[in-house]
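Me: Hi! Could you walk me through this one?

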Amino acid sequence: MTPVVLAQAIHKRFGRLEVLKGIDFEVRPREVACLIGPSGSGKSTLLRCINHLEKIDAGRLYVDGRLVGYRQRGEKLYELREREIAAQRKDIGMVFQRFNLFPHMTALENVMEAPVQVRRENRQAARDRARELLDQVGLADKENAYPAQLSGGQQQRVAIARALAMRPKLMLFDEPTSALDPELVGDVLGVMRRLADDGMTMVVVTHEMQFAREVADKVLFMDGGVVVEEGDPEEVIGHPKHERTRAFLARVLSPND
Amino acid sequence: MSETHEDTAVAERVDIRAVPVRHYGRWVAGAIIVLLAAIVVHSVVTNRAMQWGLVGDYLFNDRVLRGLQNTLVLTAISMVIGVVGGVLLAVMRLSPNPLTSGAAGLYIWLFRGTPLITQLIIWNYLAQFYPRLGIGIPFGPTFVSADTNALISPLLAALLGLGLNEAAYMAEIVRGGIMSVDQGQLEAASALGMSRGRTLRRIILPQAMRVIIPPTGNETIAMLKTTSLVTVIAYFELMNAVQQIYAQNYRIAPLLIVAALWYLFLTSILTLIQMVIEKRFSRGAARPAARQKTWGSRMLGFSFGAREQGMT
């Protein structure tokens with residue numbers, strides 16, 4: 001079975017700063033992988049490499065068996081054209097920390113936009129499906145609301161519906177609950193949990209250890225641009241082997257935080 | 001503790017009835033302004049040089065109306081050239097290709113760096129620079145050519161001068177609008193697989209509009225007035241019409257008032273239209289217009305009947 005995400009020795013630098021220093025990992029179909037680690041550890045950058053929002057400098061990155069952002073002929077790599085990159089991204093859904101909903105469109109229009117504009121779906125069919133998705137994330141009554149009229153949690157759930165509307169094979173979540181008020185986090189995590197139960201392949205950058213522990217099939221602890229520890233959530237979060245993991249978890253899980 | 005506190009609050013609710021601050025300074029300033037206004041109105045109405053009767057006669061004079069029509073046509077076409085050119089230049093300016101963005105930068109520098117009146121006269125006297133204009137292969141043979149003077153009518157010179165100059169200013173307005181859109185919007189659209197062009201049209205420009213529309217309205221209003229400059233290249237518009245008439249009959253003051261009244265009327269209409277459009281493009285922006293205090297309450301410091309709505 002081809003892994004949905006396969007990363008081999010990925011390096012990424014911003015100017016002089018090396019952010020990713022050789023990352024290897026894979027995510028199999030229907031698997032949920034959680035990336036945890038202190039801020040600046042490179043986990044968001046890694047996530048953004050997967051749909052080529054960031055270009056990798058070394059290594060190979062495959063999604064669904066296809067090289068991301070390049071075409072390989074023999075030993076040589078050719079950069080893909082913008083249109084080809086866009087085509088690759090169609091199958092990868094992404095949810096951002098700051099939601100990034102389109103503020104000039106209603107919730108329904110936000111969800112319909114890409115299916116109609118990119119997939120060339122029939123408007124009525126796209127609308128029906130958008131309604132269905134909004135219903136799934138518990139916002140059936142908010143289809144005519146503009147993002148500014150919604151709470152953060154509601155906006156994030158619309159953003160998840162928007163990504164799902166493209167029928168992605170893989171969903172990327174970049175700290176989806178970090179910008180939310182604490183009482184709104186639960187709704188968003190609930191939607192993600194159901195998505196995982198339905199068999200969606202997901203890569204989630206998160207600080208929600210409880211969620212990682214309960215939902216993830218695999219947890220990767222990153223620090224300083226490398227994967228320090230990887231494995232079953234019970235192992236990594238429950239019984240970390242490395243000192244750095246232990247120190248991080250102690251800080252995150254401390255009750256007086 | 002908190003329970004008793006709440007109880008007293010509910011039991012003995014006392015509405016505040018305070019004496020408002022009296023703005024004596026405002027009253028004095030107001031009185032001075034009313035006096036000055038009276039002096040000005042009196043002098044304008046009783047000044048015989050104004051010849052108000054003639055103003056009425058010439059307001060709908062045939063030549064004035066034809067000039068007015070040309071002013072409107074000139075404003076409309078120049079703004080279309082300006083907006084289309086401005087969007088094009090702004091997109092070029094933001095292009096990753098340094099030659100494309102450099103070319104747009106050079107254009108903007110050139111057209112903003114020279115006075116409009118100079119540009120208008122240059123277009124009018126284009127024959128002095130290039131006696132014949134033609135189409136052909138660059139550095140090669142020419143297929144068709146024509147006499148520049150026959151080609152460049154005063155109307156065309158006016159449109160080129162006003163429109164191309166406006167494009168340079170609009171380019172900066174559009175660029176500011178595009179740059180005001182959050183980077184996350186671009187990423188969200190990219191992540192959904194939208195192409196650059198579609199992202200620009202569907203996501204970026206509609207949001208940039210909210211920033212672009214108000215200054216564009218101002219530009220249109222300014223353009224309406226700026227068209228009067230083309231009188232220097234003898235194109236027949238409102239100002240030119242008025243000048244022609246008073247050159248014959250020497251009724252300078254009333255005719256200038258006729259022109260001023262028309263410009264004032266048209267700019268007022270455009271201002272109203274601008275307000276309507278601005279409202280439409282602020283869709284999705286959660287900033288309701290702040291409720292203005294009434295005229296009377298700003299002057300006096302209180303208003304009658306404010307108690308019912310204001311204090312809750």
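Here is a chat about how the two chains meet and about a sheet in one of them.

Reply: Happy to! This is a predicted model, where local features need pLDDT of at least 70, side-chain atom pairs count only at pLDDT 80 or more, and totals for chains, interfaces and linings use all residues. Residues are numbered from 1 along each chain as its sequence is written, chains are lettered from A and ligands numbered from 1 in the order in which they are written, and side-chain values use heavy atoms, leaving out hydrogens and water.

Me: Cool. How many residues of chain A are in contact with chain B?

Reply: 26 residues of chain A are in contact with 21 of chain B (contact means heavy atoms within 4.5 Å).

Me: And what area do they bury between them?

Reply: About 2,100 Å², with 57% of it on carbon and sulfur atoms (buried area is the accessible area, 1.4 Å probe, that two parts lose on being put together, summed over both). A:Phe102, A:His104 and A:Gln117 supply 25% of what chain A buries against chain B, more than any other three residues.

Me: How many salt bridges are there between chain A and chain B?

Reply: Two, counting a side-chain nitrogen of Lys or Arg within 4 Å of a carboxyl oxygen of Asp or Glu. B:Arg202 and A:Glu113 meet in a salt bridge at 2.7 Å, N to O.

Me: Switching to the sheet: what's the strand order?

Reply: In chain A, an open sheet of six strands runs 8-9-10-3-11-12 with mixed pairing (strands are DSSP E runs of at least two residues, numbered from the N terminus, and two pair if DSSP finds at least two bridges between them).

Me: Which strands stand at the edges?

Reply: Strand 8 and strand 12 (226-231) of chain A; each has a single partner strand, so one side of each is left without a neighbour in the sheet.

Key:
Helices (H or I, at least four residues) and strands (E, at least two) are DSSP runs, numbered from the N terminus.
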